[in-house]
Amino acid sequence: MNEKNKSVNDLQDHIEKTQVNEEQQQRLEALKSAIHLFNTNPDEKNHQTLKEQLEEALLHFDAEHHELVMVMQNTINSLSNSGV
């Protein structure tokens, strides 16, 4: 498994374990959908969509969910390093 896929899988695990309020849950559901597209259709557009979703989500989770934010940032970095 390459670094990009490993970081996305780690992110998916953290999302499942994170307890959030209703508004944040909607954001996580959008991320889960983007991850699903990333995993099922490894097209460049889906990689870019995931990266954009993560960048937006960072702002919503920064104050309360530091560990999740770190995993999100690692995933963004992995996507960037792979040319996304």
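Here are three short exercises on the predicted model above, each with a worked solution.

Before you start: residues are numbered from 1 along each chain as its sequence is written. Because this is a prediction, local features need pLDDT of at least 70 and side-chain atom pairs count only at pLDDT 80 or more, while totals for chains, interfaces and linings use all residues, and side-chain values use heavy atoms, with hydrogens and water left out.

**Exercise 1.** Work out which elements give two or more residues to the largest nonpolar core.

*Solution.* Start with the term: a nonpolar core is a set of buried Ala, Val, Leu, Ile, Met, Phe, Trp, Tyr and Cys residues joined through side-chain atoms within 4.5 Å. Buried means under 20% relative accessible area, exposed over 50%, and partly exposed in between (1.4 Å probe, protein chains only). The largest such core has 20 residues, and Leu11, Leu31, Leu50, Leu54 and Met72 have the most contacts inside it. The contributing elements are α1 (3–17), α2 (22–40), α3 (44–61) and α4 (66–81). Helix α4 gives the most, six residues. Helices here are DSSP runs (H or I, at least four residues), numbered from the N terminus.

**Exercise 2.** Find what Leu50 touches beyond four places in sequence.

*Solution.* Contact means heavy atoms within 4.5 Å. With the sequence neighbours set aside, Leu50 meets Val8, Leu31, Ala34, Ile35, Phe38 and Leu79.

**Exercise 3.** Classify Lys32 by accessibility, then list its contacts.

*Solution.* First, place Lys32 in helix α2. Next, Lys32 counts as partly exposed because its relative accessibility is 26%. Finally, skipping residues up to four places away in sequence, Lys32 touches Ile15, Glu16 and Gln25.
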